[in-house]
Amino acid sequence: MSNVFVLDHPLIQHKLTYIRSKDTGTKEFRALVEEVSTLMAFEITRDLPLEEITIDTPVTTAKTKVLSGKKIGIIPILRAGLGMVDGMLNLIPAAKVGHVGLYRDPETLQPVEYYLKLPGDIHERELIVVDPMLATGGSASDAIDSLKKRGAEHIKLMCLLAAPEGVEKVQQDHPDVDIYLGALDERLNEKGYIIPGLGDAGDRLFGTK
């Protein structure tokens, strides 16, 4: 089954408090999501492989390390996932970005795909799917399905908050995908919202209702 990692770094937890708060306005909310995404990107890339090279410093030559192996791809689930991309690119500016557009049918709560644009070499990349919320898990699971159907082999999922129901869904559908979270919350309510959660991440990022 998937490994689930809750990133309990103090700065992540501190900033999540203000992301959750209903008193946080759109501008500050957007900035905080970007900041937390950068911090989480630092943690999620901890196991990237390194190789040793020799360089010239201003003083002498030195053996030092650079990233080796697969390059990174960032795949936001539209639209709320867009709020996490710049924060990750701050740390990994060479990453390519793909997009998966999904919305949740308000009656069935099932995801519907309406847009897909991916780097041509996703099978060669370590892909990080990003979405602020992992609620029912349907959108994340379908997004990962779309990537696998197009040749992706190495996928991680990164969310600010998750409900146990969403984690279980992704674990069942994609036991090979590791899940990285800022926090694992209590449950979903009858409308499919995470409790205590942070409300609708897309609305809060883009100032819509």
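Is Arg20 buried or partly exposed? The points below take up this residue first and then turn to other parts of the chain.

1. Arg20 and its partner. The model is a predicted one. Arg20 counts as partly exposed because its relative accessibility is 25%, and partly exposed residues are those between the 20% and 50% limits. The side chain of Arg20 meets that of Asp185 in a salt bridge, with an N to O distance of 2.7 Å. This pair links distant parts of the chain: Arg20 belongs to helix α1, whereas Asp185 sits in the loop between β11 (178–184) and β12 (187–188), 165 residues apart. Asp185 is buried, because its relative accessible area is 7%. The bridge therefore pairs a buried acid with a partly exposed base.

2. The salt bridges of Asp121. By the rule applied here, the salt bridges number 11. Asp121 takes part in one with Lys96, where the closest N and O atoms are 4.0 Å apart. Here too distant parts of the chain are linked, with Lys96 in strand β5 (residues 96–97) and Asp121 in the loop between β7 (111–117) and β8 (125–130), 25 residues apart. The side chain of Asp121 also meets that of Arg125 in a salt bridge, at 3.0 Å from N to O. As for accessibility, Asp121 counts as buried because its relative value is 16%, and Arg125 is buried because its relative accessible area is 4%. Lys96, by contrast, counts as partly exposed, because its relative accessibility is 38%.

3. A salt-bridge network. Asp47, Glu126 and Lys156 are joined to one another in a network of salt bridges. Glu126 also serves as a reference point for Ala162: the two are 36 residues apart in sequence, and their C-alpha atoms are 22 Å apart in space.

4. The surroundings of Ala162. Ala162 lies in strand β10 (residues 154–162). Ala162 is buried, because its relative accessible area is 0%. Setting aside neighbours within four places in sequence, the contacts of Ala162 are Leu134, Val167, Leu181, Ala183, Leu184, Asp185 and Ile194. Among these contacts is Asp185, the residue that forms the salt bridge with Arg20. Leu184, also on the list, belongs to the surface patch described next.

5. A nonpolar surface patch. Val4, Val6 and Leu184 form a nonpolar patch on the surface, and together they have about 210 Å² of accessible area. Val6 is located in strand β1 (residues 4–6). Val6 counts as partly exposed because its relative accessibility is 41%.

6. Annotated binding-site positions. Two annotations from an unreviewed UniProt entry deserve attention. One, "binding site", covers Ile194, Gly199, Asp200 and Ala201. Another with the label "binding site" covers Arg79, Arg104, Asp131, Pro132, Met133, Leu134, Ala135, Thr136, Gly137, Gly138, Ser139 and Asp200. Asp200 is thus named in both annotations. Such annotations may be inferred rather than shown by experiment.

7. Gly199 and Asp200. Gly199 is placed in the loop between β13 (194–195) and α6 (201–206), and Asp200 is in the loop between β13 and α6 as well. Gly199 is partly exposed because its relative accessible area is 37%; for Asp200 the class is also partly exposed, because the value is 30%. Residues up to four places away in sequence not being counted, Gly199 touches Met133 and Tyr193. Under the corresponding exclusion, Asp200 is in contact with Arg79 and Tyr193. The side chain of Asp200 also reaches the backbone nitrogen of Gly202, at 3.0 Å.

8. Thr136. Thr136, one of the residues in the longer annotation list, lies in the loop between β9 (133–134) and α4 (138–149). Thr136 counts as partly exposed because its relative accessibility is 24%. The side chain of Thr136 reaches the backbone nitrogen of Gly138 at 3.3 Å, and Gly138 is itself covered by that annotation.

9. Thr24. Thr24 is found in the loop between α1 (10–20) and α2 (26–44). Thr24 is buried, because its relative accessible area is 8%. Residues up to four places away in sequence aside, Thr24 touches Tyr18, Phe29, Leu32 and Arg204.

Conventions:
Residues are numbered from 1 along each chain as its sequence is written. This is a predicted model: local features need pLDDT of at least 70, side-chain atom pairs count only at pLDDT 80 or more; totals for chains, interfaces and linings use all residues. Side-chain values use heavy atoms; hydrogens and water are left out. Patches are made of residues with over 30% relative accessible area and no salt bridge: like charges are joined within 9 Å, nonpolar side chains (Val, Leu, Ile, Met, Phe, Trp, Tyr) within 5 Å. Accessible areas come from the Shrake-Rupley method with a 1.4 Å probe; for residues, only the protein chains shown count as cover. Helices (H or I, at least four residues) and strands (E, at least two) are DSSP runs, numbered from the N terminus. Buried means under 20% relative accessible area, exposed over 50%, partly exposed in between (1.4 Å probe, protein chains only). Contact means heavy atoms within 4.5 Å. A polar contact is a pair of N or O atoms within 3.5 Å; within protein, one must be able to donate a hydrogen and the other to accept it, and residues adjacent in sequence count only if both atoms are side-chain atoms.
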